[in-house]
Amino acid sequence: MPHAPDTTPSVHLRVPTDEDASAWHRVFADPEVMEFHGGRPAEYSVYEELTARQRRHDAELGHCLWTVLDDAGEVLGFTGAQPWPHESFGPVGEIEIGWRLGRAAWGHGYATAAARTTLERIRALGVREVVAMINTRNARSVAVAVRLGMRQAETYTSPVTGQEAYCFRLEL
């Protein structure tokens, strides 16, 4: 029986640049992409701050939310790991992995491929466990977490939005 070709897409991750703030703003300027992240596109300044914070995380921790590129060098979105950013709820003190891709990149395996690369990188840094907080209605992201071998653990309700999120966990 012939071997099926590998359908895992090739992805490249880089520390976000100043220019990536503009690229993220562009690829995430879709209400469908932002459905579980506030429901509407964020201002450009949000991405300027986010990319700057990720550069600091990379310099200080060795990991961040990296920009995801395809083989042609097009920005697809981001994936990576960062300390859980909230102190009032959720998995406080833990390392969260996450991913967000522009609509054109959905359904091609990019999120899973990029998240697997993230897991390899943070495992090499000695991180022992990660979490992923996913809105309970976000079936696409739940599917990525399951493909990564994560297990659903706690459920949290955001004090800001009132929305529920699953906390998935994975020991590395």
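**Exercise 1. Strand pairing around E2**

How many bridges join strand E1 (residues 12-14) to E2, and in which sense do the two strands run? Describe the surroundings of E2 in this predicted model.

Solution.
1. Start with E1 and E2: three bridges join them, and the strands run antiparallel. One residue pair to locate is Arg14, whose bridge partner in E2 is Thr67.
2. Turn to the other pairing of E2 with strand E3 (residues 75-83), which is antiparallel over five bridges. Here Leu69 has Val75 of E3 as its bridge partner.
3. Inspect the hairpin of E2 and E3: five residues lie between the strands, and Gly73 takes a positive phi near 85°.
4. Check burial in E2 (residues 65-69). Five of the five residues are buried, so the strand is largely enclosed by the rest of the structure.

**Exercise 2. Confidence**

Determine which part of the chain should be left out of a detailed reading.

Solution.
1. Take the overall score: the protein averages a pLDDT of 94, and 97% of the residues score at least 70.
2. Find the exception at the start of the chain. Over residues 1-5 pLDDT stays under 50, and the model has zero contacts for them beyond four places in sequence.
3. Apply the general rule: where pLDDT is low, predicted coordinates should not be read in detail.

**Exercise 3. The faces of helix H4**

Which residues of helix H4 (residues 139-147) are buried, and what do they pack against?

Solution.
1. List the buried positions: Ser141, Val142, Val144 and Ala145.
2. Look down the axis of H4. The buried residues fall within an arc of 155°, so they line one face of the helix.
3. Recall the geometry behind such a pattern: an α-helix has 3.6 residues a turn, so residues three or four places apart point the same way.
4. Examine the other side of H4, where Ala139 and Val146 are exposed.
5. Identify the packing partners of the buried residues: strand E4 (95-101), helix H3 (110-124), strand E5 (129-135) and strand E7 (164-171).
6. Follow the chain out of the helix. Just after H4, Gly149 takes a positive phi of about 90°.

**Exercise 4. Two residues of helix H3**

Compile the surroundings of Thr118 and Ile122.

Solution.
1. Place the residues: Thr118 is found in helix H3, and Ile122 also has its place in H3.
2. Classify each by accessibility, with buried meaning under 20% relative accessible area. Thr118 has 1% and is therefore buried; Ile122 has 0% and is buried too.
3. Collect the contacts of Thr118, leaving aside neighbours within four places in sequence: Leu13, Trp66, Thr79, Gly80, Ala81 and Ile97.
4. Do this for Ile122, not counting residues up to four places away: it touches His63, Ala81, Ile97, Val127, Val130 and Leu172.
5. Check one of these contacts by backbone distance. The C-alpha atoms of Ile122 and His63 are separated by 6.9 Å, although the residues are 59 apart along the chain.

**Exercise 5. Aromatic pairs**

Describe the pairs Trp24–Phe78 and Tyr166–Phe168 by distance and angle.

Solution.
1. Count the pairs in the structure: there are six aromatic pairs.
2. Take Trp24 and Phe78. Their ring centres are 4.9 Å apart and the planes make 50°, a tilted pair.
3. Place this pair in the fold: Trp24 lies in helix H1 and Phe78 in strand E3, so the pair ties together parts 54 residues apart in sequence. Both Trp24 and Phe78 are buried.
4. Take Tyr166 and Phe168. The centres are 6.1 Å apart with 90° between the planes, which is edge-to-face.
5. Add accessibility: Tyr166 is partly exposed at 22%, whereas Phe168 is buried at 2%.
6. Look for a cluster: Trp24, Phe28, Tyr47 and Phe78 form one.

**Exercise 6. An exposed loop residue and two cysteines**

Is Gly38 buried or exposed? How many disulfides does the structure hold?

Solution.
1. Locate Gly38 in the loop between helix H1 (18-27) and helix H2 (44-61).
2. Read its relative accessibility, 68%, which makes Gly38 exposed.
3. Compare positions across the chain: the C-alpha atoms of Gly38 and Thr161 are 8.4 Å apart, with their positions 123 residues apart in the chain numbering.
4. For the cysteines, note that Cys64 is buried at 0% relative accessibility, and that Cys167 is buried at 0% as well.
5. Count the disulfides: the structure holds zero.

Definitions and conventions:
Residues numbered from 1 in each chain as written. Predicted model: local features only at pLDDT ≥ 70, side-chain atom pairs only at ≥ 80, totals over all residues. Heavy atoms only, no water. pLDDT = per-residue confidence, 0-100. Contact = heavy atoms within 4.5 Å. Helix = DSSP H or I, 4+ residues; strand = E, 2+ residues; numbered from the N terminus. Buried < 20%, exposed > 50% of the residue type's maximum accessible area, 1.4 Å probe, protein only. Arc of directions from axis to C-beta. Pairing = 2+ DSSP bridges. Disulfide = S-S within 2.5 Å. Phe/Tyr/Trp six-rings, centres within 6.5 Å; stacked < 30°, edge-to-face > 60°.
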